[in-house]
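Morning, everyone. Please have a look at the model on the screen, and then we'll go through it.

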Amino acid sequence: MRRKIIAGNWKLNNIVRDSVILAQGLKPEVASVTDVEIVVCPVYTALESVGKAIESSNIKLGAQDMYWEDQGAFTGEVSGMLLKDVGCRYCIIGHSERRQYFGETNESVNKKVKAALKWGLRPIMCVGETLQEREAGTTFDVVRDHVEGGIAGLSEKEILDVVIAYEPVWAIGTGKNATPQQAQEVHAFIRGLLKKQYAAAAEEIIIQYGGSVKPDNAAELLSQEDIDGALVGGASLKVDSFTKIVKAASAKV
Ligand code: PEP
């Protein structure tokens with residue numbers, strides 16, 4: 001039985017004070033949810049304060065990106081070592097916005113995934129096709145490339161700590177989610193790929209869906225056999241909508 005993970009990607013939003021207010025607002029609302037892993041990923045500058053705000057709660061801290069080197073002459077970068085130091089447990093890696101605007105490649109994603117694991121951070125590794133790629137019928141090729149490139153060289157033990165987020169780029173921030181059937185089809189494909197390499201672990205690996213997840217579509221998406229959670233952008237910025245999505249993932253609420 002896979003434990004669902006609902007992660008909020010706050011992207012480039014909220015000054016420290018507003019990030020803390022959001023975290024504090026969320027805390028009591030989701031306190032009763034014990035069967036879902038809940039993660040929030042604020043901007044770097046708010047990590048430490050949000051970490052303190054959610055201390056001894058059931059909400060975990062995540063970052064939105066990291067560099068693969070630990071320290072040194074890499075101006076502007078933040079490493080897994082530094083994220084660990086401020087209490088992070090997760091780190092989003094290879095988000096499509098990073099692939100699109102910041103030159104992220106499968107190779108850089110792979111290095112970051114390995115560095116995250118080295119520091120005991122669970123990478124949330126994002127994969128997914130653009131609209132053009134879907135329309136050209138290359139969705140499965142693109143997803144295979146992202147998955148295999150991102151996890152290259154990982155052991156069976158390491159892969160269990162990796163969370164894969166299938167995020168069709170055309171569904172991110174557009175209000176246009178993949179249908180539960182479209183998402184399930186790709187999730188099953190990803191699990192099939194994992195089975196070829198990691199026969200024993202594949203059934204346990206968490207595969208999240210991301211792309212315009214909202215309170216009104218969350219339950220149906222999350223009820224699909226191979227959808228083990230959600231990576232949520234816009235709807236994670238409001239206590240009410242994120243709480244509803246977390247509760248949609250819970251079997252007990
Ligand atoms: C995301 O940023 O990963 C995301 C899925 O955004 P949204 O939920 O706003 O589509």
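First, a term: a polar contact here is a pair of N or O atoms within 3.5 Å. Keep in mind that this is a predicted model.

Start with the ligand. Which side chains offer it polar atoms? Asn9 does: an N or O atom in the Asn9 side chain sits 3.2 Å from a ligand oxygen. Glu167 does too, with a side-chain N or O atom 2.7 Å from an oxygen of the ligand. The backbone also takes part: a polar backbone atom of Gly173 is 2.6 Å from a ligand oxygen. How much of the ligand is buried? On its own the ligand exposes 290 Å², and the protein buries 97% of that.

Now the shell. There are 14 residues around the ligand, and Lys11, Glu167, Gly173, Ser212 and Gly233 are the closest. By type, the shell has four nonpolar, eight polar and two charged residues.

Stay with Lys11 for a moment. Lys11 lies in the loop between strand E1 (4-9) and helix H1 (16-30). Most residues other than glycine have a negative phi. Lys11 is not a glycine, yet its phi is positive, about 50°. Ser56 also has a positive phi, near 50°. Look for Ser56 in the loop between helix H2 (47-53) and strand E3 (59-63).

Last, helix packing. Take helix H5 (residues 106-118) and helix H7 (residues 139-151): their axes come within 7 Å and cross at roughly 40°. That angle makes H5 oblique to H7. Which hand does the crossing of H5 and H7 have? It is right-handed.

That's the tour. Over to you.

Note on methods. Residues are numbered from 1 along each chain as its sequence is written. This is a predicted model: local features need pLDDT of at least 70, side-chain atom pairs count only at pLDDT 80 or more; totals for chains, interfaces and linings use all residues. Side-chain values use heavy atoms; hydrogens and water are left out. A residue is near a molecule or strand if one of its heavy atoms lies within 4 Å of it. A polar contact is a pair of N or O atoms within 3.5 Å; within protein, one must be able to donate a hydrogen and the other to accept it, and residues adjacent in sequence count only if both atoms are side-chain atoms. Accessible areas come from the Shrake-Rupley method with a 1.4 Å probe; for residues, only the protein chains shown count as cover. Ala, Val, Leu, Ile, Met, Phe, Trp, Tyr, Cys and Pro count as nonpolar, Asp, Glu, Lys and Arg as charged, and the others, Gly among them, as polar. Axes are lines fitted to C-alpha atoms, for helices over the stretch in contact, and angles run from 0 to 180 degrees between N-to-C directions. Helices (H or I, at least four residues) and strands (E, at least two) are DSSP runs, numbered from the N terminus. Angles under 35 degrees count as roughly parallel, over 145 as roughly antiparallel, 65 to 115 as roughly perpendicular and the rest as oblique. A crossing is left-handed if the near helix is turned anticlockwise from the far one by less than a right angle, and right-handed if clockwise.
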